[in-house]
Amino acid sequence: MENLHSHRGITNATTSPPHGFTDIFRRELGLSHPNSFARRFSASEVLVKSLDLYGKLDGHEGCVNAVEFNSTGDILVSGSDDRQIMFWNWESKTKLFAYPSGHTDNIFQTKIMPFTDGCRIVTSAGDGQFDLRSNSATKLFCCSSSIGNNKQTLSKVGLNSIVIDCRNPYYFAIGGSDEYARVYDMRKCQWDSARNSDRPVNTFCPLYLIGSNNVHITGLAYSSFGELLVSYNDELIYLFEKNMHSDSSPSSATSEDPKNIHEAQVYSGHRNAQTIKGVNFFGPNDEYVLSGSDCGHIFIWKKKEAKLVRLMVGDQHVVNQLEAHPHIPILATCGIEKNVKIWAPLGNDIPPLPGNVKEIMETNRQGREDRSRVTLTPDVIMHVLRLQRRQTLAYIERRHNRADIVSDEEDAEGYLLGFLDGDASSEEDYPGNSRDCNIS
């Protein structure tokens, strides 16, 4: 015992115990529950940082847009531009079977219906069809958004994502072609849409995006605690708690007192512009946030601090979707490449963030800013064009050959007209209901 104490004293004085040693020691002595140990270990940052490529599931002949594990986690289903549905044993990296979906366009979602023993699959695609197990769809309501300051004028909101709150299955959130994530209560929706008005029980939007006309939502995810994760096109990712809200009605959200609205947690560094990207949680208690990116990387942040802890190359082009295993720290991703990738904690070495991580994030940030629209009035645009025309004509007058002058005038005219985003359009082509013109 004396030697043991002496040895322990030397260890404490020179080195610290290996990470997780205390947890393992407590588990072996019966001082902690095995399940508790497993959950804590699965959520450890060291384990997340050790995620690496476990294998590729090859078989699709087009971009893979959708992946999902079944409830037990032993089967993975995927959907692709090739309109095929494929089932995989991800552990052995083998394809179990595949079948043509019947869709006439790219598949964007594949969902395994609960309580069907994994035997019933629901798919949606770019052809607008959805397998509803019935001859016709039931319309609950039409999601709409007000135009400008006129609350009576409404426009339909095209929807990109729908998720159900696992803590309260009556609640579901939708996101689409405007800046608001809307939450509805199924119990308040009648099965006759003619009697329903579009009245969400809650709405979420970052304060500075309220009133924006150039953003939309591509992905949503609920955590096991009822938090809502929202990913915007060519913007950032935001985490809203249940007590956060913009207003019960998007059309009057600007009247909300900012003091009563808590700012959402923000996750940045990625780029979401080229495709419809999903967003997700990772960890036994949703301790991490996941997203793909146009730069081909997988971004993993800690949920609470929004600190980037892992950055992996997930695709040669774009990473579209990410799906966490329901029970163990395994991750499936897909993108432009024609395969599904499986990621698992591998090896003893914990790789740091790439040396060029700041450069990657800065490039993505600049891409967002370069793509942002600058709003100018037609009068300002025409003033710039007139200045350009004077300079061009002055150059033409200095030419000696009249034939060259005629040719140069035609080229100059084409150049000036092409100034507006490459379109040879006249002033009559400006929208009649607006005095603004957007230049990308």
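## Strand pairings in a predicted model

Strand 3 (residues 76-80) and strand 4 (residues 84-89) run antiparallel to each other and pair over four bridges. If you want a spot to click on, take Val77, whose bridge partner in strand 4 is Phe87. Keep in mind that this is a predicted model.

Zooming out a bit, there is an open sheet of four strands, ordered 2-3-4-5 and paired in the antiparallel sense. Which strands stand at its edges? Those are strand 2 (64-69) and strand 5 (94-100); each has a single partner strand, so one side of each is left without a neighbour in the sheet. From one strand to the next, the twist averages 20 degrees. As a general reminder, strands of a sheet pair through backbone hydrogen bonds, either parallel or antiparallel.

Further along the chain there's another antiparallel pair: strand 10 (residues 159-164) with strand 11 (residues 171-176), held over five bridges. A hairpin of six residues links strand 10 to strand 11, and Leu159 sits opposite Gly176 of strand 11.

Here are the two pairs side by side:

| Pair | Residues | Sense | Bridges |
|---|---|---|---|
| Strand 3 and strand 4 | 76-80 and 84-89 | antiparallel | four bridges |
| Strand 10 and strand 11 | 159-164 and 171-176 | antiparallel | five bridges |

Now for the whole chain. Its secondary structure comes to seven helices and 26 strands. Of its 440 residues, 41% count as buried. The exposed area is about 25,100 Å², with carbon and sulfur atoms supplying 50% of that. As for contacts between residues at least 6 apart in sequence, 53% join residues at least 24 apart.

Note on methods
Residues numbered from 1 in each chain as written. Predicted model: local features only at pLDDT ≥ 70, side-chain atom pairs only at ≥ 80, totals over all residues. Heavy atoms only, no water. Pairing = 2+ DSSP bridges. Helix = DSSP H or I, 4+ residues; strand = E, 2+ residues; numbered from the N terminus. Axes fitted to C-alpha atoms, helices over the stretch in contact; angles between N-to-C directions. Buried < 20%, exposed > 50% of the residue type's maximum accessible area, 1.4 Å probe, protein only. Contact = heavy atoms within 4.5 Å. Areas by Shrake-Rupley, 256 points an atom, 1.4 Å probe, with all protein chains shown as cover.
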